Amino acid sequence: MKLTFETERQKESYSVGYRTGLRLHGMVKHNDIDMDVALLGIKDAIAERPQLPNQDMQNTYTQFKNKLTKRQEEKRRIQALQNKIQGEKFLQENASRQGVIVTESGLQYKIIQEGSGPIPKESDITMVHYRGSLLNGREVFNTYKKGQPIKLPVKLSLPAWK
């Protein structure tokens, strides 16, 4: 059904329905819920005629949320482990690259261009150019592309930058 959304009410109604659909999307995609039965539940809620006792629904919903939470936690745990393995591999390979300095704490850095000004104090604000990327090379921030450095209070800097 394609609407033209002629009224504000239609736009609002569609937006509410769409947002509800987005919340259900993952559960439908992973076959956690039966969409037809979920839609019946929405209609019954609006009509105020539940087909299950309220306490049963509350218990079922709580158990369902716990199941989804456990699955998400497991997914995050696996991702964290993969990230840790990738990070350790990167650090090991990076430590042997030309010009990379490894400190006693394990911090690795490479001086691309030596600064010539005074060393900033904790109370100073610095102008910093940097490029940040993930281990897969995807760039997440680049002041060079923006054409100007950012202002950064030394006291708020990453410990490695200090």
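## Helix 1

In this predicted model, helix 1 covers residues 8–29. Its 22 residues, at 1.5 Å a residue, should span 32 Å, and the C-alpha atoms at its ends lie 31 Å apart, so the expected and modelled spans agree.

Helix 1 also has a kink of about 35°, and the kink is centred on Arg23. After the helix comes Asn31, which has a positive phi near 60°.

## Aromatic pairs

Searching the whole structure gives three aromatic pairs. Phe5, Tyr14 and Tyr18 form a cluster linked by ring pairs.

## Strand 3 and its partner

Strand 3 is made up of residues 125–128. In a regular strand, side chains alternate between the two faces of the sheet. On the covered face of strand 3 are Thr126 and Val128, while Ile125 and Met127 belong to the uncovered face.

Strand 3 runs antiparallel to strand 6 (residues 150–153), and four bridges join the two. On the strand 6 side, Leu152 is the residue opposite Thr126.

## The largest pocket

The largest pocket holds about 2,200 Å³ of space. It is lined by 40 residues, of which Tyr109, Lys110, His129, Tyr130 and Trp161 are the closest to its centre.

Several elements contribute to this lining. Helix 3 (54–95), strand 2 (108–110), strand 3 and strand 4 (131–133) each provide at least two of the lining residues. Strand 3 therefore appears in two settings: it is joined by bridges to strand 6, and it supplies part of the lining of the largest pocket.

How values were computed: Residues are numbered from 1 along each chain as its sequence is written. This is a predicted model: local features need pLDDT of at least 70, side-chain atom pairs count only at pLDDT 80 or more; totals for chains, interfaces and linings use all residues. Side-chain values use heavy atoms; hydrogens and water are left out. Rings of Phe, Tyr and Trp (its six-membered ring) pair if their centres lie within 6.5 Å; planes under 30 degrees apart count as stacked, over 60 as edge-to-face and the rest as tilted. Buried means under 20% relative accessible area, exposed over 50%, partly exposed in between (1.4 Å probe, protein chains only). Two strands pair if DSSP finds at least two bridges between them. The expected span of a helix is 1.5 Å times one less than its number of residues. The bend at a residue is the angle between axes fitted to the seven residues ending there and the seven starting there. On a 1 Å grid over the protein atoms alone, a cavity is a set of points where a 1.4 Å probe fits but cannot get out, and a pocket is an open set with protein on both sides within 12 Å along at least five of seven lines; lining residues have an atom within 4 Å of a point. Grid points are joined across faces, edges and corners, and a volume is the space filled by probe spheres set on the points.
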